[in-house]
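User: Please provide a close reading of one part of this model, with the cut-offs behind each term. I should like the answer as connected prose.

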Amino acid sequence: MILNEFGKTGIKMSALGFGAMRLPMRGEGDKIEINDDLAIPMMHRAFELGVNYIDTAPYYCEKLSEAAVGRALRSWKGNKIYVSTKNPIENESADDWLKRLETSLKNLDLPSIDFYHFWGINLQGFKSWEKLQNGPLQAAERAKNEGLIKHISFSYHDSAENLRYIIDSGRFESVLIQYNLLDRSNEENIAYAKEKGLGTVIMGPVGGGKLGAPSDIIRGLLKEKPASTAEMAMRFVLANPTVDIALSGMSTLAHVEENAKISSRGGSLDDTEIAQVKKMMDENKKLAQLYCTSCDYCKPCPKDINIPHLFGLMNNHRVYELTEHSVASYNNVIRGKEWVKSASPADCTKCGVCEEKCPQKLPIIKQLEETHMTLYRE
């Protein structure tokens, strides 16, 4: 397992991090629980293979992930494992922030948390906390001084151009951010965070599961094709020298074994291969933008059809051959089974409002019909 210097913390972290957001479950309804018979051996196997960073959160796995991680750590007798979890910052109260921290400490059954994240923050929220005398940032400093947390971190989902202000604040020691073959918008920001001394952790290295689906287009980015699309995606992220940890949400022992193997020294790409992959993905992106640039000017649709998101799924099918994921996600979205919401294109009244607003003058109505015809399943 490759070990990387983690920002200015003085810690050497495994290139692969264990994301505890997809632990195996059993039961249903009120009786649902983590399947410890599968989950704990899986976490222990990752630790045996050199993974020393595990990431969880209060709401993962039906709010059961933190406690499961705690059980795995209690029964682990090997090397030090660094624990990351998150505070959702539901309001601006320092006292409430500390209460949520106390709940996580209790769930994990730990005296302190190694990396405690401001969860999914954006620039607007961060600026409002900066001005408070007794807000979340002050609570975090207090918790660190009392030894309840060791390092203050943040995860980020805002636009790429807003990130540097938060990095430059000097408040944080590591950042958790999205980066993968399909979304390289934060590539320069990751390098900047590294330059400023922050540890860099990547969420979604396989695109939230999109790149776990088979795609000969993506496997063909290299002359010697990797065994899977997921391997190609992981190797690309791990090859970035400014990435410290690629965080993978693993749900089976096979995932652990595969990702650990990819994260070994033989799994990275050389400079020529990286340049080749980026060039080909940029060419593919140009093809995708002929269909939709995701500028959002067409929104809102009077019928609540999320046009850019549905077109994005269509692009993943037609440009990247990620058909299996695109079909499944499309049908889940229009049936209200994902956090992204959209009515079905079948509800379109052909009012033409979207086409009037589209700066690319795309035939949106026709493309919606094509998307539905291609991806919809009874």
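Analyst: The account below begins with a strand and its pairings, and then turns to further sites.

This is a predicted model, in which local features need pLDDT of at least 70 and side-chain atom pairs count only at pLDDT 80 or more, while totals for chains, interfaces and linings use all residues. Residues are numbered from 1 along each chain as its sequence is written, and side-chain values use heavy atoms, with hydrogens and water left out.

Strand S3 covers residues 16–19; strands (E, at least two residues) and helices (H or I, at least four) are DSSP runs, numbered from the N terminus. Leu 16 and Phe 18 point to one side of S3, Gly 17 and Gly 19 point the other way, and all are buried, that is, under 20% relative accessible area, where exposed means over 50% and partly exposed lies in between (1.4 Å probe, protein chains only). S3 pairs in the parallel sense with strand S12 (residues 245–249) over four bridges; pairing requires that DSSP finds at least two bridges between two strands. Leu 247 of S12 is the bridge partner of Gly 17. With strand S6 (residues 53–55), S3 also pairs in the parallel sense, over two bridges, and here Ile 54 is the bridge partner of Phe 18.

Thr 200 belongs to strand S11 (residues 199–203). Because its relative accessibility is 1%, Thr 200 counts as buried. Its side chain reaches the backbone oxygen of Thr 242 at 2.6 Å. Leaving aside neighbours within four places in sequence, Thr 200 is in contact (heavy atoms within 4.5 Å) with residues including Phe 6, Val 175, Ile 190, Val 243 and Ile 245.

Ser 344 is found in the loop between helix H14 (323–334) and helix H15 (353–357). With 13% relative accessibility, Ser 344 counts as buried. Apart from neighbours within four places in sequence, Ser 344 is in contact with Ile 305, Ile 334 and His 372.

Finally, the axes of helices H3 (residues 65–74) and H4 (residues 94–108) come within 7 Å and cross at roughly 45°. These axes are lines fitted to C-alpha atoms, for helices over the stretch in contact, and angles run from 0 to 180 degrees between N-to-C directions. H3 and H4 are therefore oblique to each other: angles under 35 degrees count as roughly parallel, over 145 as roughly antiparallel, 65 to 115 as roughly perpendicular and the rest as oblique. Glu 66, Ala 67, Val 69 and Gly 70 of H3 make the contact with Ser 104, Asn 107 and Leu 108 of H4.

Methods: Polar contact = N/O pair within 3.5 Å; in protein donor to acceptor, adjacent residues only side chain to side chain.
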